[in-house]
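Biologist: I am new to this kind of model and would like to learn how to read it. Could we take one feature at a time?

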Number of protein chains: 2
Amino acid sequence: MAVDTAYDFLNVNFRSEFMPVTIKDIAKEAGVTHSTVSRALNGNPRISEATAKLVQRVAAEMGYVPSAVAQNLHSRRTKSIGMVLTTIADPFLARIVEGVEQVARDAGYSLFLSTSYNHPDKEINVIETLYRRRVDAIIIASMWVGSTYRAELSRIKIPIVLINHLLEGDGLHSVAVDDVQGARLAVKHLIDLGHRRISFVKSLDRPSIYVENRMEGYRLAHLEAALPMDPRLILTPEGDGDVERGKRALELLRETKARAAFCCNDLTAIGLMKACHELGVRVPTDLSIVGFDDLEIADYVSPSLTTIHQPRLELGQTAMRMALAMLEEKAAITDQTMRCQLKVRQSTAAPGGDSIGHG
Amino acid sequence: MAVDTAYDFLNVNFRSEFMPVTIKDIAKEAGVTHSTVSRALNGNPRISEATAKLVQRVAAEMGYVPSAVAQNLHSRRTKSIGMVLTTIADPFLARIVEGVEQVARDAGYSLFLSTSYNHPDKEINVIETLYRRRVDAIIIASMWVGSTYRAELSRIKIPIVLINHLLEGDGLHSVAVDDVQGARLAVKHLIDLGHRRISFVKSLDRPSIYVENRMEGYRLAHLEAALPMDPRLILTPEGDGDVERGKRALELLRETKARAAFCCNDLTAIGLMKACHELGVRVPTDLSIVGFDDLEIADYVSPSLTTIHQPRLELGQTAMRMALAMLEEKAAITDQTMRCQLKVRQSTAAPGGDSIGHG
DNA sequence: TTGTACGCGTTATCAC
DNA sequence: GTGATAACGCGTACAA
């Protein structure tokens, strides 16, 4: 491997095949000092045209690539930001990451990605690791941290931005979607269609803050329409994963005589739709279904799913921009909350015919 | 901001609120040298119990977190690996990333993620950036690099693993799925069901190597069954995105009198299914459909999609293990190719009734 | 057992 | 214009 193994033991003038070229190597080759090399490569004006050219040529020939590690040590900035998520495979998060990455890259930042798998201990662990690596800021799109580890978080002396997890104070900032408004939109849509018995299908995959907020939206929509709420319409199916719970929801639904269901998220809605297909319940004729999230998949299923659009890409972009603003110590940063949008597709319609309870 | 602004101009004994604690700070506080601190914190045995305890206590009190940057500079290893993908939002890639991340994390490595958006220049750019950051290895699940930039790649003197892009020689290694075998499985399944006119729906989102291989599997399956191939059955729908092209495929299919379609990937298949639903073509009664990839979504649509399972998680895990092996300079690394599996679901059945061309 | 000195690869501040 | 030299934060031979 070594080019010069004979002098290996001297640990001098020695280059292994895998050791990157350094400015010292270039200096030796070009017959100048390493500081001259540094200047030549960084376009320092007070340097002779000749040596500049020479150094640059030698550097290119030797395939020199500067070490960001060394630069970071000096500048005390890594130009990298850490992102923690529950899991990358979550289609909801993927698009958020994309937004973060876009803005980060345009600003010259790289992205450290790590997952916590919804395990609180792992999550705080991951954050510590990111801090060791001296990322300039951390963006968290994970569920536990905010609520469980505020004390630990306050020890981390770098900007932290939480996504979809509003928290006030302590220098923690966040960007989130307005769940209440979104849910209200969804339920209002069903009410406008003429539905009067609308079920709310809860999901348990995410912490209750979501469910609570969306439930609140459900309540407000009823209030506005002066529609009474029946607690029996609030469903909490058991099962492994959102889709499975969505499937299970159909049995529960049959007993409620509801003709419309607002599901806590798209995956739950899709599970419910699948159960409908298998048991011959027609969507939307027999049952109207609304989801929440607007995953890509919502447009792929048949019938396509009416749902609440979360600006996920923008969520990520905004979070990263907020982190950048904090790094530049701009004016006071204010938490952002973004509005949702109703996407009417094919899974909702006016009620007609018999209820599924008697179908 | 500064704790001690009065001495700011001296640039000595000065700690800003955002400067992380260093071992020197601890040393000063504990009345020892920084090397003693280093030893105490790293569990060096030859150090007095008393000072060890003291240093550790002070370190904890000051909230010391070692700088990986400085450690890396010394060890010349960053314990991080870089991963480049076309886009994070691709559900196919997401699961691969998950596999990589799992193995990486268990081995104490962090993951740098960057995207190339299928833009060759951006891709080589991204790789250079990763190399500057001195990642220990690079894993590429992107399409262009291997074919277009072999010369540039050979300059990067760290282990590189390609996913789903077999390339021989030059120290480049790869792990890939056996597309030919997978496609063969898919088409054989349709033939076994009794189909004799099977369409192959191409997709253009990915480089031709995939299409070629899957086409080859299609050919082999026909050969084995002594079934003649009709070139008119090879469809290349135009459109923006796999799903859209899948939809467009239906018009083309109607002219072929085919009763079965093997789609190049799941998204194309799902587009086709959607078009079928909209135009009243029954799946699988009128048309059997097989996809390729086994995305999560394949199980969510109705009817669920018969497809070829790619071990995506394992693909990522294997790639990362291969990178680790190369880092440890184990015995010669051999490229891996993994087998696919047929997942029979609801979108395929024996042909019956009229063809969709006359429906 | 602990302190001193040096190196890791860069940048920056001095001199000359 | 260029060469020493220090510094960034940490680890570690060597000396004491």
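Modeller: We can start with a strand. This is a predicted model. All 6 of the 6 residues of E2(A) are buried, so this strand is largely enclosed by the rest of the structure.

Biologist: Which residues of E2(A) point one way, and which the other way?

Modeller: Ser110(A), Phe112(A) and Ser114(A) point one way from E2(A). Leu111(A), Leu113(A) and Thr115(A) point the other way, and both sets are buried.

Biologist: How should I read the pairing of strands?

Modeller: Strands of a sheet pair through backbone hydrogen bonds, and the sense is either parallel or antiparallel. Here, strand E1 (residues 80-85) of chain A pairs with E2(A) in the parallel sense over 6 bridges. Within that pairing, Val84(A) stands opposite Ser114(A) of E2(A).

Biologist: In which sense do E2(A) and E2(B) pair, and over how many bridges?

Modeller: The sense is antiparallel, with 3 bridges between strand E2 (residues 110-115) of chain A and E2(B). For Leu111(A), the bridge partner in E2(B) is Leu113(B).

Biologist: Which elements make a β-α-β unit with E2(A), and what is its handedness?

Modeller: E1(A), H5(A) and E2(A) make the unit, and it is right-handed.

Biologist: How do I check the length of the helix in that unit?

Modeller: Compare an expected span with the distance between the ends. Helix H5 (residues 91-106) of chain A has 16 residues, so at 1.5 Å a residue it should span 22 Å; its end C-alpha atoms are 23 Å apart, which agrees.

Biologist: Which residues of H5(A) are buried?

Modeller: Among them are Leu93(A), Ile96(A), Val97(A), Val100(A) and Ala104(A). The buried residues of H5(A) also include Arg95(A) and Glu101(A). After the helix comes Gly108(A), with a positive phi near 80°.

Biologist: Let us turn to the contact between the chains. How many residues does each chain give?

Modeller: Chain A gives 45 residues and chain B gives 45 residues. On the side of chain B that touches chain A, the elements that give two or more residues are H4, helix H5 (91-106), strand E2 (110-115), helix H6 (120-132) and helix H12 (266-279) of chain B. By class, that side of chain B has 23 nonpolar, 11 polar and 11 charged residues.

Biologist: And the DNA? Which residues are closest to DNA strand C?

Modeller: The closest are Ser35(A), Ala70(A), Ser35(B), Thr36(B) and Ser48(B), out of 23 residues that surround DNA strand C. The elements giving two or more residues to this surface are helix H2 (34-41) and helix H4 (68-75) of chain A, along with helix H2 (34-41) and helix H4 (68-75) of chain B. The largest share, 4 residues, comes from H4(A). The surface near DNA strand C has 14 polar, 7 nonpolar and 2 charged residues.

Biologist: What is the order of the strands in the open sheet of chain A, and which are the edge strands?

Modeller: The sheet has 4 strands in the order E7-E6-E8-E9 (chain A), with parallel pairing. Its edge strands are strand E7 (234-235) and strand E9 (288-290) of chain A, each pairing on one side only. Strand E6 (residues 198-201) of chain A pairs with E7(A) over 2 bridges, in the parallel sense. Leu235(A) in E7(A) is the bridge partner of Val201(A).

Biologist: How many helices and strands are there in chain A?

Modeller: Chain A has 13 helices and 12 strands. Of its 359 residues, 46% are buried.

Notes
Residues are numbered from 1 along each chain as its sequence is written. Chains are lettered from A and ligands numbered from 1 in the order in which they are written. This is a predicted model: local features need pLDDT of at least 70, side-chain atom pairs count only at pLDDT 80 or more; totals for chains, interfaces and linings use all residues. A residue is near a molecule or strand if its C-beta atom, placed from the backbone, lies within 6 Å of it. Ala, Val, Leu, Ile, Met, Phe, Trp, Tyr, Cys and Pro count as nonpolar, Asp, Glu, Lys and Arg as charged, and the others, Gly among them, as polar. The expected span of a helix is 1.5 Å times one less than its number of residues. A residue is buried if 20 or more other C-beta atoms lie within 10 Å of its own, exposed if 12 or fewer, and partly exposed in between; C-beta atoms are placed from the backbone. Two residues are in contact if their C-beta atoms, placed from the backbone, lie within 7 Å. Two strands pair if DSSP finds at least two bridges between them. A crossover is right-handed if, with the strands pointing away from the viewer, the path from the first strand over the helix to the second runs clockwise.
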